[in-house]
Amino acid sequence: MNLQTVTPAPPDVILGLTEAFKKDPRPHKVNLGVGVFMDDAGRTPVLPTVKRAEEHLCRAETTKSYLPIAGLPEYGERVSELVFGARHAVLQAGRVRSAQTPGGTGALRVGAEFLRKFLPSSRVWLSAPTWPNHRGVFTAAGFAATEYPYYNPATRGLNFDRMSEALENVPENDLVVLHVCCHNPTGVDLTDAQWREVAAIAARRRWIPFFDFAYQGFGTGLEADRAGLLPFLETDLPVLVAASFSKNFGLYNERTGALALVAPNATLASAWLTHVRIVVRVLYSNPPAHGAAIVAKILGDAGERAAWEQEVSVMRARIVSIRDALVKGLRRRGAPMDFSFIHAQRGMFSFSGLQEAQVTFLREKKAIYIVGGGRINVAGITTRNVDYLCDSIIEALGEPS
Ligand code: LMR
């Protein structure tokens, strides 16, 4: 291999779709690809709480000097409280350390690099299917990736029996990536009872849970959405959480995330963080300040926090109601399949059941952009485009697949 023979890499399967969408000249185009919340006017707004925090920062900020390697300390504290619950025993026992990271992806990569240093022969287990970048991030950190069963296309639900059977056979110290809520791409989540079973398996088999928590508040609520984590905190297992504030604070381009580590005791938690700092230092030195300062300001102010919680519930309610509009629109048009499973899915994504040929038909003939595999970002559907979308899906279903 040499640089003279380099050929172009394929576009990213999600962000590359946005690039193609932007270039599409058709005025009626619809972007249901990338996971970005849109309001009913098709805009991705800056939340009013975020705007107010920015105005405050603009007045109060006195320096652009470097942050500590692990980020703003008050951000770390507020984020740990949001993720685990302010009064949780793991916080009171000093078992949690957080590092501010560039988005949830940064948190995954920092966590992966940290684990790889101490567990070089472990593998990572990803749900089938999962967010495509999981494989990229963990393999870039040097892990071999494999899959555990998750989604059952026949029931359009969770294949819990096969999932738990596979997790029973994961070797000690391998990593298992779990989506706390609003599974990406399927929208299919575990029940609380199923989470308890998975935590019991992890405790028995001693594998390491690494949670991706990118949609807190978009499922059932900010508190209810963390339920999947809680049984794991009852064990003495290491627990890693990659949190993202792209969606629930709308801070997509501010790259605002955090890696939270839960250790069996406070001494170990501090020791782990020293190694996380080394990982950060060699990757990007220290994190960017702006998004974290916004989140810390909002979460640290009772009034602003209440206003933000309300903003999150408005976003969540819109997603629920547009799911309903989609299901009803398809039913009204006599769709040849029952789409009511879309009601049960949670978060921004819906695994629509559309096949590759139908996804291609929608993009090429209808200017409707959906991720391969049939993942629809329902948060991109509006009252203006839902009829066009339903008509187009009905047409696509009539196409030979
Ligand atoms: C998505 O899945 O669409 C989002 O998480 C955005 C991304 O980075 O892929």
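The C-alpha centres of domain 1 and domain 2 are 27 Å apart in this predicted model. These two domains divide the protein chain: domain 1 comprises residues 11–45 + 305–396, and domain 2 comprises residues 66–300. Domain 1 is thus written as two segments of the chain, 11–45 and 305–396.

The contact between the domains draws on 25 residues from domain 1 and 28 residues from domain 2. The area buried between domain 1 and domain 2 amounts to about 2400 Å², and carbon and sulfur atoms give 62% of this area. On the side of domain 1, three residues deserve attention: W308, R346 and F351 together supply 32% of the area that domain 1 buries against domain 2, more than any other three residues.

Charged side chains also take part in the meeting of the domains. There are 2 salt bridges between domain 1 and domain 2. R346, already named for its share of the buried area, has a side chain that forms a salt bridge with the side chain of D225, at 4.0 Å from N to O.

From the contact, the reader may turn to the largest pocket, whose volume is about 610 Å³. The pocket is lined by 29 residues, and those closest to its centre are L15, T105, W131, K247 and R255. Two elements, α5 (103–118) and α6 (132–140), each give two or more residues to this lining. Of the elements, α5 gives the most, with 4 residues. Sorted by class, the lining holds 14 nonpolar, 10 polar and 5 charged residues. Where does the largest pocket lie with respect to domain 1 and domain 2? Both domain 1 and domain 2 give residues to its lining, so the largest pocket lies between them.

Several details of the backbone complete the picture. The peptide bond that leads from A128 to P129 is cis, with omega near 5 degrees. P129 belongs to the loop between β3 (123–128) and α6, and α6 is one of the elements that give two or more residues to the pocket lining. A cis peptide bond also joins N184 and P185, where omega is about 20 degrees. P185 is situated in the loop between β7 (175–179) and α8 (192–205). The loop between β7 and α8 also holds C182. In C182, a residue other than glycine, phi has a positive value, near 55 degrees.

Notes: Residues are numbered from 1 along each chain as its sequence is written. This is a predicted model: local features need pLDDT of at least 70, side-chain atom pairs count only at pLDDT 80 or more; totals for chains, interfaces and linings use all residues. Side-chain values use heavy atoms; hydrogens and water are left out. On a 1 Å grid over the protein atoms alone, a cavity is a set of points where a 1.4 Å probe fits but cannot get out, and a pocket is an open set with protein on both sides within 12 Å along at least five of seven lines; lining residues have an atom within 4 Å of a point. Grid points are joined across faces, edges and corners, and a volume is the space filled by probe spheres set on the points. Ala, Val, Leu, Ile, Met, Phe, Trp, Tyr, Cys and Pro count as nonpolar, Asp, Glu, Lys and Arg as charged, and the others, Gly among them, as polar. Domain bounds come from an automatic or database domain assignment. Contact means heavy atoms within 4.5 Å. Buried area is the accessible area (1.4 Å probe) that two parts lose on being put together, summed over both.
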